[in-house]
Every structure is written in structure tokens, then in C-alpha cells.
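Student: Could you take me through this fold and tell me how each label gets earned?
Tutor: Sure, let's have it up in front of us and put the values against the definitions.

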Amino acid sequence: MITSMVDAQNDCLFIDGKKVLDFIPYIAKVKLTTTSKGEKRAYRIQIRRNGEVIKEVWLSKLYVNSWFDLSAHCSDAGITNRERRLIEGYLQKQAAELPSHQEIFLDKKGWSSIGSGCIFFNEKVITKAVPDIVRTKDLTRIVRTEDYRFNTDEVQSILCEIQRAAENLSWIVYTASYFDILKWPFEQAGYPIEFIVNIYGKSGSGRTSLIKTICSPSYVFSFSKPQRSDAVLREIKRFEGHTILMDDYNPAETKYGYERQNSLKDRLVRLVEEERNAPNILISSKELCGHVSMQDREVQLFLEKPVNWESLTFLSNRRKELKEIRTAFFVQIVDNIEAVIDKIRNFCMMSDRRRISDALTSLWCSCYLDYIRCASIYSRYSFVRHME
């Protein structure tokens with residue numbers, strides 16, 4: 001954008017020798033605010049006259065209209081569109097020459113990639129390096145991977161109890177609970193996780209308790225609650241980066257209830273397939289229902305016999321430790337992200353060559369990520385030994 005035609009002198013702004021402003025706008029500061037929703041820039045603009053600041057405002061854009069309306073000091077309200085664009089270019093040049101004052105605001109408990117090697121997770125920022133990041137709140141919420149220390153007390157016994165809770169099934173369910181974290185590296189590898197995990201079994205088998213205990217869903221929705229599908233989906237979309245449980249899918253007594261549950265389940269599957277920001281969704285159901293194509297887009301896990309309630313009690317009393325293991329996993333993902341993405345990509349490419357279907361590839365990848373987690377990512381921690 002051409003800015004050479006704009007000239008600031010004698011506390012006035014000229015374009016092609018014509019005075020268009022009888023003051024000079026200066027950008028005093030550029031602030032980059034990072035949240036889970038993305039990055040936003042803000043500019044502190046000072047209006048100076050006779051060497052003094054007569055007005056100062058924070059604006060999100062450098063459009064002339066945005067700051068012109070806030071000032072009553074413009075000598076000519078009829079400046080042309082060309083002149084406006086030239087003034088915007090003049091301000092953009094100023095902004096480009098200033099360093100960005102960066103702030104991070106933690107506004108969610110799920111995960112979210114925020115660029116520059118920084119990741120939101122559980123109201124923390126996990127990063128390899130934090131160059132020039134300024135926080136206005138609790139600095140202890142920044143977790144540097146190189147400084148992170150993990151307490152390994154009781155970890156091996158906790159993971160053993162997870163495995164015992166429902167034999168091999170509980171370990172797969174536990175792995176599925178990490179899909180909210182793994183969605184990001186899988187997407188970076190070019191193989192996004194686009195399926196739902198459905199755990200089904202008889203009433204009283206403990207499938208819902210199993211999920212709640214070892215997956216710690218952020219929220220539990222119910223198929224049986226009389227609520228419109230549109231309202232449920234709007235609520236679910238708010239949980240980007242989280243794991244949620246859709247509970248109590250079962251054969252309804254009425255035709256309306258049956259069709260409503262199937263419709264909602266189908267829309268949940270499509271939500272995960274079509275929107276990268278969809279949460280990680282687990283479904284608890286009494287049996288498999290609905291049309292075949294919908295079931296083909298699920299990973300179906302059958303709870304053949306009741307869970308081990310003693311193991312679930314042990315785990316429910318150690319939620320703090322489970323949360324710490326989860327944080328350690330995410331720290332190691334961030335610290336080894338390039339290697340993790342390469343391993344995912346290589347394994348998925350190998351599966352593609354063998355013509356494995358997408359759903360099966362994703363299931364195998366979830367198991368393979370369990371191997372990666374044990375064999376490489378967690379190699380510095382002693383609790384991996386029980387899997388060897």
C-alpha cells in the first residue's frame with residue numbers, strides 16, 4: 001500500500017499537499033491477545049495536537065471509520081475513500097514497526113492450539129518456549145515442557161487398575177478419552193479423527209460408570225432428556241476441545257422417541273466428521289440401533305461382562321492423580337510433537353497401502369498411539385513399565 005503521499009508535519013496530516021487532519025494519529029502500542037478462539041490485535045492510538053495527547057483509544061482495527069467516529073477533531077469529515085485508504089496504510093506502517101505486546105487469557109478447560117508452539121490445556125498454556133509472552137494474571141499457569149516435573153507416585157498402580165476395570169476394553173476406552181488431545185496431532189498429520197466411540201452393554205453392567213470414572217467427561221448429556229436435537233447440538237458445540245458423554249441411548253418405547261434418538265445420534269456422528277472443532281464424543285448405549293451406515297462410522301465396543309467395581313472405586317478416589325497423568329501426556333505430546341506427527345503419518349500411510357478402511361485405520365491408530373505413548377513419549381517416566 002502506498003504511504004509516501006501521506007506526510008505528518010506541524011501537528012497536521014497532509015496527503016498530496018492537502019491538509020486532511022489538523023492532528024496526527026500515532027500508534028503507541030500494539031497488543032496481541034490470544035484466547036482459545038484465536039488471536040486478536042488491538043491498537044492504542046493517540047491523537048496529538050500542539051505536542052500534547054488530546055485523545056487516546058484502544059481499537060481492534062485500523063480502519064479510519066473506526067477511530068474517526070471516536071474523535072471530534074477532524075477538520076474535514078468529507079475525506080475521500082482513497083484518502084482514507086492512504087491514512088490506513090500510514091497507520092499500518094506504524095504498526096508493522098512496533099513490537100507486539102502479547103497477552104494470553106485462559107478461558108477454557110479443553111485443549112486448543114493457539115499457534116507459536118503454545119497450546120491451551122486444562123486452563124494452562126503448555127509450550128516449549130515462551131518468548132516475550134506477557135501474562136496479566138497467574139504466571140504459574142504457563143507450563144514449559146523443559147521445566148515440567150511429573151510426580152510418578154502411584155501411577156503404575158493407577159494404570160494397572162484401569163486395565164483391570166474391564167480387562168482389555170477399559171484400556172481402549174481410556175485411550176479414547178485422550179482423543180480430545182490427539183485430535184490436534186492427528187489433524188496435523190492429515191488423518192483427522194472423525195468417528196464416535198460407542199460403548200454398549202446390558203443395563204447394570206457399569207458402562208456409564210466406567211466412562212465417567214476413567215474418561216472424566218466435562219459434561220454428560222442424555223438421549224432420554226426431552227430436548228430438541230438443535231438445542232442439544234448447539235450446547236455440545238460449546239465443548240470444543242473437551243470429552244463429553246452422550247448417555248442412555250436405548251430402544252425407545254414410542255416411534256417418536258426412537259426416531260428422535262436415531263436422528264440425534266446421526267447428527268452427532270456427522271458433527272464429528274464435518275467440524276474440526278467438534279468435541280470428543282463418547283456414547284453409552286444398551287444396544288446397537290439405528291441404520292447400518294451410521295454404525296459404520298462408530299467404533300463399537302461391547303462390554304461383555306460387568307466392570308470391576310473395586311477398580312472403579314480405587315480410580316474414583318484418585319481423580320487428582322488421573323488428571324496429573326493426563327497433563328503429563330499432553331506435555332509430552334507438545335514436547336515431541338514432530339515425532340508424534342511423523343509416527344501417526346507413517347502408520348496411517350502404511351494402513352492406506354494395505355487398504356484398511358478409514359474407520360479401522362482410526363481404531364488401529366488409537367491402539368498404535370497407545371504404543372507410542374508407552375514406547376517413546378513416556379519413556380522418561382517409570383509408569384510405562386507395566387505395559388512392557
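**Labels and cut-offs**

Tutor: Among contacts in the chain between residues at least 6 apart in sequence, 69% join residues at least 24 apart; contact here means heavy atoms within 4.5 Å. Keep in mind that this is a predicted model, where local features need pLDDT of at least 70, side-chain atom pairs count only at pLDDT 80 or more, and totals for chains, interfaces and linings use all residues. Residues are numbered from 1 along each chain as its sequence is written, and side-chain values use heavy atoms, with hydrogens and water left out.

Student: What makes up the chain in helices and strands?
Tutor: The chain has 13 helices and 16 strands. Helices (H or I, at least four residues) and strands (E, at least two) are DSSP runs, numbered from the N terminus.

Student: Why is phenylalanine 221 called buried or exposed?
Tutor: Buried means under 20% relative accessible area, exposed over 50%, and partly exposed in between, with a 1.4 Å probe and protein chains only. Phenylalanine 221 comes out at 8%, so it counts as buried. Tyrosine 219, at 38%, is partly exposed. Across the chain, buried residues make up 50% of the 388 residues.

Student: Why is the pair of tyrosine 219 and phenylalanine 221 called stacked, tilted or edge-to-face?
Tutor: Rings of Phe, Tyr and Trp (its six-membered ring) pair if their centres lie within 6.5 Å; planes under 30 degrees apart are stacked, over 60 edge-to-face, and the rest tilted. The ring centres of tyrosine 219 and phenylalanine 221 are 4.7 Å apart with planes at 55°, so this pair is tilted. Phenylalanine 221 and phenylalanine 239 have centres 6.1 Å apart and planes at 85°, so that pair is edge-to-face.

Student: What does the pair of phenylalanine 221 and phenylalanine 239 tie together?
Tutor: Phenylalanine 221 is in strand 13 (residues 219-222), while phenylalanine 239 is in the loop between helix 7 (229-237) and strand 14 (243-249), so the pair ties together parts that are 18 residues apart in sequence. Both of these phenylalanines are buried. The structure holds nine aromatic pairs, and Trp171, Tyr174, Tyr178 and Phe329 form one aromatic cluster.

Student: How do you know that lysine 31 lies over the face of tryptophan 58?
Tutor: A charge sits over a ring if NZ of Lys or CZ of Arg is within 6 Å of the ring centre and within 35 degrees of the ring normal. Lysine 31 lies over the face of tryptophan 58 at 4.7 Å from the ring centre. Lysine 265 does likewise over tyrosine 249, at 4.3 Å.

Student: How do you know that strand 4 and strand 5 pair?
Tutor: Two strands pair if DSSP finds at least two bridges between them. Strand 4 (residues 24-35) and strand 5 (residues 38-49) have 11 bridges, in the antiparallel sense, with threonine 33 opposite lysine 40. They form a hairpin with two residues between them.

Student: And how many bridges join strand 5 to strand 6?
Tutor: Seven bridges join strand 5 to strand 6 (residues 52-59), again antiparallel. Arginine 44 stands opposite tryptophan 58 in strand 6. In the turn of this hairpin, asparagine 50 has a positive phi of about 55°.

Student: What makes strand 1 and strand 3 edge strands?
Tutor: The open sheet of three strands has the order 1-2-3, with antiparallel pairing. Strand 1 (6-9) and strand 3 (18-21) each pair on one side only.
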